[in-house]
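Hi everyone, thanks for coming along. I'd like to walk you through a few helix pairs and then one pocket, so please have a look at the structure first.

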Amino acid sequence: MASSSMPGGVLRRSDSAADMMPEALRQSRYQMKRCFQRYVSKGRRLMKNRQLVEELQRSADDDKLEKAKLAEGFLGYVICSTQEAVVLPPFVAFAVRTNPGVWEYIKVHSGDLSMEQVTPADYLKCKETLFDDKWARDDNSLEVDFGALDLSTPHLTLPSSIGNGTQFVSRFMSSKLSGKSENMKPLLDYLLALNYRGEKLMISETLDTVGKLQTALLLAEVFLASLPRNTPYQKFEQKFQEWGLEKGWGDSAEMCRETLNCISEVLQAPDPVNMEKFFSRVPSVFNIVIFSIHGYFGQEKVLGLPDTGGMEHLMIMLQLTRLIPEAKGTKCNVELEPVEHTKHSSILRVPFKTDDGKDLRQWVSRFDIYPYLERYAQGTIAHALEKTKYEDSDVKWREMDQKYHFSCQFTADMIAMNTSDFIIASTYQEIAGSKEKLGQYESHYAFTMPGLCRYATGINVFDPKFNIAAPGADQSVYFPFTEKEKQLTDLHPQIEELLYSKDDNDEHIGYLEDRSKPTIFSMARLDKVKNITGLVEWYGQNKKLRDLVNLVIVGGLLEPSQSKDREEIEEINRMHSLINKYQLKGQIRWIKAQTERVRNGELYRCIADTRGAFVQPALYEAFGLTVIEAMNCGLPTFATNQGGPAEIIVDEVSGFHINPLNGKEASDKIAGFFQKCKEDPIYWNKMSTAGLQRIYECYTWQIYATKVLNMGSMYGFWRTLNKEERQAKQRYLQMFYNLQFRQLVKTVAKLGEQPTQPVESMAAARIVPRLKERHGPFLRKLLKRGRGSN
């Protein structure tokens, strides 16, 4: 791996790859030529980072000194920063990512080592040549550039700032509102427009200038100073109305005074801190509706069912989801269900409809829901981002389309991301990944689906719409094992049977011979990405780990005949194969998916009573709700370093990171922990307590709810700025939805129908219609690019 600096400070990470290449050529022309000759020697191909680095090392033969020199030099840095390269002899085109979100594309001639920077679109054309050469060369191939619609939108610049959208927006708005009093007019208009169901809030129409508003605020502040702080608003409501001040300032004299002071400070001298404080107090968000339509959603008995994703308790106003008549013992067939422990929250379930208007009775996989969506909701709904979960799923979309319908999903994702006012991610890694790994949203920056659509710019993670707000777990269910007085001892006989009875039945397979051992525990859906079978294999191969601990798995169904999910069937078969291969009976308990949320909380605590640990081995995890649940219960936790859990856990401080791509290293790390606990029992307590502390500081629903409400207020004002550009983008997105997405949906078979062949590229004339003059030259210019015109 290239180092961060060179002797004399020659190498700077701020330099572009194009800037570095001449110096790399000067340093090691001979080795560079050998390396590039190796790249082109096997003809046209797509090379990933690992292959590029390996070929770089081989170009130095067995000379260790030369290998080290290459790795530490400019060439080594560029190659190590390259995500992939397209080899089209004699050229090699590199997609270089020097930092999260920072991309550069360069093309090098392997013979004379000449180099040029290319645009994302030109790089994608090179890539398309490997998969659909005719389409790549067609000037009428559909090219979409959403970035061209955001030219006047300010963007963040530092990778470390990605996801801090609200802070950036507050700074930008502060600068825009500063100076002359007329600069405050957008804010005044925003306040004048505030209402709840037609009833005016904050200020009346009489306060139609900044001067009048400031005068009213001053009068009110002086008046409130003479009142006891807890005086209810109703006592002085009439006085406020005389000054043009309506409801919404607070329910007591003290709260009203704080809000008045906040707005006065913004009007006098807006700064980012005051702006954020102001929007946290403005009553502009009254209802929150969350759509979750792709799977089973309920408060109980849904965990482990397909496409549930563990989302079973949210502090919301309304959760809109699918009604599934054949509900498999859950409440997913109940139309309206109050959310427990809340006053105003409910789950509303609406069924998918068949062509003859009847309710669709069965569950439908998240990959197959597209034909039902338009009738279900007016708009495009995107869901779990799949692109990074399946390697090369964009360029190889045709191979996967019949099974996963990525042509629909990636198109829907693009429309949803670009339509939204703001995007909330659980972690930084979900947005922009890490130094080594691509983020889920970042993977949509520039990509192509040969034969269908080229996204020269899809979504830019430096857009201030991106924010991070990590959810929490229900602490009435997931509480520490040390709180013995709260433990649900009535459930212990059930859990005893679930964990330790020696007979196989419909609910569990395998048994634990030595109950005195600690237990490592994992709970997830049985699919490839969750990597539960990977954990079982690590355990089977590691004798030391098997000697130290038992393994309990909760996930999926136990027999392939019981499942209708394609991936789950494959994983069930693999589980049986691994148990037999490594002769794990006596050391493993495989329990089918458990849907009782309250009992699962107690199950975590019972595992903690054995002084065990929780392991989350996913190949990639956007967030990791089970990690939060386990840490809430006081279980030391090992979790994947690929995705959100790497941010939840501070490695070796509040838990442990494991590399799911290196099973031996991961299992050795787990074994090392238990060996250390055996030698020093206090160490287990230390890690348990540190995990709890991390949760209380960062991962509670109270913290989450506050952030989300503040975002709603701030972006409500943000979208009133640059209206013309936003409207142009919305028109373009609506057209793209109608002419591209709706056509793709027609290729997805409904339940009981035969699937059609993967859709081919649509004619450019169908995708890009002639615009009327009222749409303006800005939008016409953008669409002209889509037709390949000059």
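Before the first pair, a word on axes: each is a line fitted to C-alpha atoms, for helices over the stretch in contact, and angles run from 0 to 180 degrees between N-to-C directions. Please also keep in mind that this is a predicted model.

Let's start with α1 and α2. Helix α1 covers residues 17-40, and its axis lies 9 Å from that of α2, at an angle of about 130°. Angles that are neither under 35 degrees, over 145, nor from 65 to 115 count as oblique, so α1 is oblique to α2. Their crossing is right-handed. Who touches whom here? On the α1 side we have C35, R38 and Y39, and they meet L52, E55, L56 and R58 of α2. By class, that contact of α1 with α2 holds 4 nonpolar and 3 charged residues, with no polar ones.

On to the second pair, helix α7 (residues 165-177) and helix α12 (residues 272-281). Their axes cross at roughly 110° and come within 8 Å. That angle makes α7 roughly perpendicular to α12. From α7, the contact uses Q167, S170, R171, M173, S174 and L177, while α12 brings P272, M275, E276 and F279. The contact of α7 with α12 has 5 nonpolar, 3 polar and 2 charged residues.

The third pair is helix α22, residues 625-632, with helix α25, residues 682-698. These two pack with their axes 8 Å apart, at an angle of about 120°. So α22 and α25 are oblique to each other, and their crossing is left-handed. In α22, the residues I628, M631 and N632 meet G691, L692, R694, I695 and Y696 of α25. That contact of α22 with α25 divides into 5 nonpolar, 2 polar and 1 charged.

Now for the pocket. The second largest pocket holds about 1,600 Å³ of space. Which residues sit closest to its centre? They are Q83, E391, E436, K437 and L438, out of 48 that line the second largest pocket. Several elements give two or more residues to this lining: α2 (49-58), β2 (82-88), β3 (91-99), β4 (102-109), α5 (120-129) and α14 (397-404). And here we meet α2 again: the largest share of the lining, 4 residues, comes from α2. In terms of chemistry, the lining divides into 18 nonpolar, 13 polar and 17 charged residues.

That's my tour, and I'm happy to go back to any of these spots on the screen.

Notes. Residues numbered from 1 in each chain as written. Predicted model: local features only at pLDDT ≥ 70, side-chain atom pairs only at ≥ 80, totals over all residues. Heavy atoms only, no water. 1 Å grid on protein atoms, 1.4 Å probe; cavity = no way out; pocket = protein on both sides within 12 Å on 5 of 7 lines; lining within 4 Å. Points joined across faces, edges and corners; volume = space filled by probe spheres on them. Nonpolar A, V, L, I, M, F, W, Y, C, P; charged D, E, K, R; others polar. Left-handed = near helix turned anticlockwise from the far one by under 90°. Contact = heavy atoms within 4.5 Å.
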